[in-house]
Amino acid sequence: MAAAAAAPALSLAEAAPVTAVLAPCPTPSRTFRRRSWVAAICRPALKCHHSRPLTAVAAAAAAAAAAGDSTSAGVFHGECFVVGDNIDTDQIIPAEHLTLVPSKPDEYRKLGSFAFVGLPTAAYPTPFVAPGEETTRYAVIIGGANFGCGSSREHAPVALGAAGARAVVAEGYARIFFRNSVATGEVYPLELADTGAWKECKTGDVVTVELDNCVMINHTSGKQYKLKPIGDAGPVIEAGGIFAYARKTGMIASKSA
């Protein structure tokens, strides 16, 4: 099978400002197609409260979701898929599917259909992507500590994004998964300010993630969870990944130049 097209070569002068965003990790070896999701950068986080009514933006997101649009102005709304601690990249996308080339639309979609197939069915009887489908019903993934540990594979966040997930909300991340999520621009790797959300939330709960307010609201339980601001990584993900961000900001020449 043909390999994905190589990313454009950068001079040292061009590469320096690009790698600064993800330092000290190197830039990715290839670029990936990403859906044009609109999102905003987090501002200072709100305190976590419980059993409060929907905020205005959450209510608007719920209305948008009812109309078939789960993303609205930096707000992700929909059902959540809950996993525990130490979810590794082989559980997210097993190695036998790494031959799929994400830059090819049909293989990108197929990659999404295999997201989380490595999870043990005894512990996770509900599949992330239903059999015979290419996309998931779950807009948000909620996890515990050390999410994305294991081998370094850019296919892991790409598979989640290809399946239709908008954000991962976890207690902590393996550094390489966080970096790959930002570099590919596929999903927002958001970190919880406190622990325990994955134990309190259930797969299928309806949640809203507000990037501006740095909060996740579980409408099923009525609880809210404070998120840490994503900071400088936000604009990179919003742009579609590190190379798209570099072109958008003039760090490197655009494709049309």
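Reader: Where is Thr-89 found?
Author: Thr-89 sits in helix 3, residues 89-92. Helices here are DSSP runs of H or I with at least four residues, strands are E runs of at least two, and both are numbered from the N terminus. This is a predicted model, where local features need pLDDT of at least 70, side-chain atom pairs count only at pLDDT 80 or more, and totals for chains, interfaces and linings use all residues. Residues are numbered from 1 along each chain as its sequence is written, and side-chain values use heavy atoms, with hydrogens and water left out.

Reader: Is Thr-89 buried or exposed?
Author: Thr-89 counts as buried because its relative accessibility is 3%. Buried means under 20% relative accessible area, exposed over 50%, partly exposed in between (1.4 Å probe, protein chains only).

Reader: And what does Thr-89 touch?
Author: Skipping residues up to four places away in sequence, Thr-89 touches Gly-148, Cys-149, Gly-150, Ser-151, Arg-153 and Ala-156. Contact means heavy atoms within 4.5 Å.

Reader: Ala-156 is in helix 5, right? How many residues of helix 5 are buried?
Author: Ala-156 is one of the buried residues of helix 5. Nine of the nine residues in helix 5 (155-163) are buried, so the helix is largely enclosed by the rest of the structure.

Reader: What do they pack against?
Author: The buried residues of helix 5 pack against helix 3, helix 4 (105-113), strand 3, strand 4 and helix 6. Just after helix 5, Gly-164 has a positive phi of about 115 degrees.
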